[in-house]
Amino acid sequence: MEENFEDIDHLILVFLRGEASEKQYHALKSWSHSSDENKLTFESIEKIWLGNPSLPASNLNTTKRDQIWARATQNQTTKRNLIKSYPTNIGWWMVAAILFLIFSGVWLATLMEKNTKVPENISWINKTNPGGQQSTHLLPDGTKVWLNAQSVLKYPDIFSDSVRLVKIHGEAYFEVAKDAEKPFLVLSDGVLVEALGTSFNVRNYPEDLAISVSLLEGKVMVSEISQGQSAFLIPGEGLDIPRGKSQFFRKKYDYDTSFGWKDGILIFNGNDFTGFRQLIQRWYGVNIHINGAPPSDWSIRARYKNESLRHVLRDICFNKNIEFELTDTNAVLTF
């Protein structure tokens, strides 16, 4: 495909600058994945771009790759002028993180298994919320995190010089401090969310069929590592990533449903009894016991803000014609 060389060269350049559109990103990804030679070519250029080449030029043994390599390393005036038209502090480690995400499964596996590469003297901090408890946390870089009930947040006491990586189980909302030199990465069961300065929500409870990401401000890239799928989100968009599936489901979210929890808003959106029970237990930190059998067609739609458990149960049980008893840590529903 020699006739497409100029297009590939351009795609590589705009992507390395961090200026590629979603269409350009997918086109470059497709080209790189089409052969091992293309992948090697791109990785070689990326290493030179980052100023740390380790692959000898002899590994690129065709005319096309020699041309691309030359264009990546040469210092022609036209190319210098072209690059100078962009800021020099565009965040090369952001480029590196994206490149590794797309082209290096080994690096991403290392992220999941080894908590990424951080200096040995840095320890990881765990923040755990039981059921019925929410909390806010200020990370070392100034990022603010709202942590929902039955959720765990892990982050280093000092971020590394190259990346800001945190891990989440459950649900958390992030207001990310801007730092163009250090991408902010959230890892949650094989799903990676990357942002520089933005506000977004990540939900990943064990009972959920999909991991969900909702973007309030800024721009993020969401990637499912094992399936090799990635997507960009813009404000107002959400993404559901079914567990073990390669397909993403893009959606427009409802603000209260995606973000309302951090403002004390409890929503039942057609929940069946199992979903209703799980949400009540997580939100209020109680155990729900059952006498009798709930109806198979149980469905509830309701919205509460900063309401007590007793008020919620009194309302719902009245409408469902059931009885309840409530103690500090237990609720009994009788059908």
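Buried means under 20% relative accessible area, exposed means over 50%, and partly exposed is in between, using a 1.4 Å probe and protein chains only. This is a predicted model, where local features need pLDDT of at least 70, side-chain atom pairs count only at pLDDT 80 or more, and totals for chains, interfaces and linings use all residues. Residues are numbered from 1 along each chain as its sequence is written, and side-chain values use heavy atoms, with hydrogens and water left out.

**Exercise 1. Decide whether Thr 198 is buried or exposed, and list what it touches.**

Step 1: Find Thr 198 in the loop between strands S7 and S8. Helices (H or I, at least four residues) and strands (E, at least two) are DSSP runs, numbered from the N terminus.

Step 2: Thr 198 counts as buried because its relative accessibility is 4%.

Step 3: Look for contacts, meaning heavy atoms within 4.5 Å. Leaving aside neighbours within four places in sequence, Thr 198 meets Phe 174, Glu 175, Val 176, Leu 215, Glu 217, Gly 218, Lys 219 and Val 220.

**Exercise 2. Work out which residues of the largest nonpolar core touch the most other members.**

Step 1: Get the term straight: a nonpolar core is a set of buried Ala, Val, Leu, Ile, Met, Phe, Trp, Tyr and Cys residues joined through side-chain atoms within 4.5 Å. In soluble globular proteins, nonpolar side chains tend to be buried together.

Step 2: The largest core has 28 residues, and Val 166, Phe 174, Val 186, Val 193, Phe 200 and Val 222 touch the most other members. Strand S5 (residues 164–175) gives the most to this core, with four residues.

Step 3: Zoom in on Phe 174. Setting aside residues up to four places away in sequence, its contacts include Leu 153, Val 166, Phe 184, Val 186, Phe 200 and Val 202.

Step 4: Apart from this core lies another one, of 27 residues, among them Phe 259, Ile 280, Val 286 and Ile 316.

**Exercise 3. Describe helix H9 and say what covers its buried residues.**

Step 1: Helix H9 covers residues 273–284, twelve residues in all, and reaches 16 Å from its first C-alpha to its last. That is close to the 16 Å expected at 1.5 Å a residue; the expected span is 1.5 Å times one less than the number of residues.

Step 2: Mark the buried residues of H9: Phe 273, Gly 275, Phe 276, Leu 279, Ile 280, Arg 282, Trp 283 and Tyr 284. As a reminder, an α-helix has 3.6 residues a turn, so residues three or four places apart point the same way.

Step 3: The cover over those buried residues includes strands S8 (199–204), S14 (265–271), S15 (287–291), S16 (300–305) and S18 (330–334), plus helix H10 (309–320).

Step 4: Right after H9 comes Gly 285, with a positive phi near 70°.

**Exercise 4. Explain what is unusual about phi at Asp 189 and Asn 306, then sort the two by exposure.**

Step 1: Most residues other than glycine have a negative phi, and most peptide bonds are trans.

Step 2: Asp 189 isn't a glycine, yet its phi is positive, about 50°. Asn 306 isn't a glycine either, and its phi is positive at about 55°.

Step 3: Asp 189 sits in the loop between strand S6 (184–188) and strand S7 (191–195), while Asn 306 is in the loop between S16 and H10.

Step 4: With 45% relative accessibility, Asp 189 counts as partly exposed, whereas Asn 306, at 60%, counts as exposed.

**Exercise 5. Find which residues in the loops meet Arg 243 and Lys 182.**

Step 1: Arg 243 lies in the loop between strand S12 (237–242) and S13, and is partly exposed, with a relative accessible area of 33%.

Step 2: Arg 243 and Gly 190 are 53 residues apart in sequence and 9.5 Å apart in space, C-alpha to C-alpha. Beyond four places in sequence, the contacts of Arg 243 are Asp 189, Asn 204, Tyr 205, Pro 206, Asp 208, Leu 209, Ala 210 and Ile 211.

Step 3: Lys 182 is in the loop between S5 and S6. Its C-alpha is 5.4 Å from that of Ser 162, 20 residues apart along the chain.

Step 4: Not counting residues up to four places away, Lys 182 touches Phe 159, Ser 160, Asp 161, Ser 162, Val 163, Arg 164 and Leu 196.
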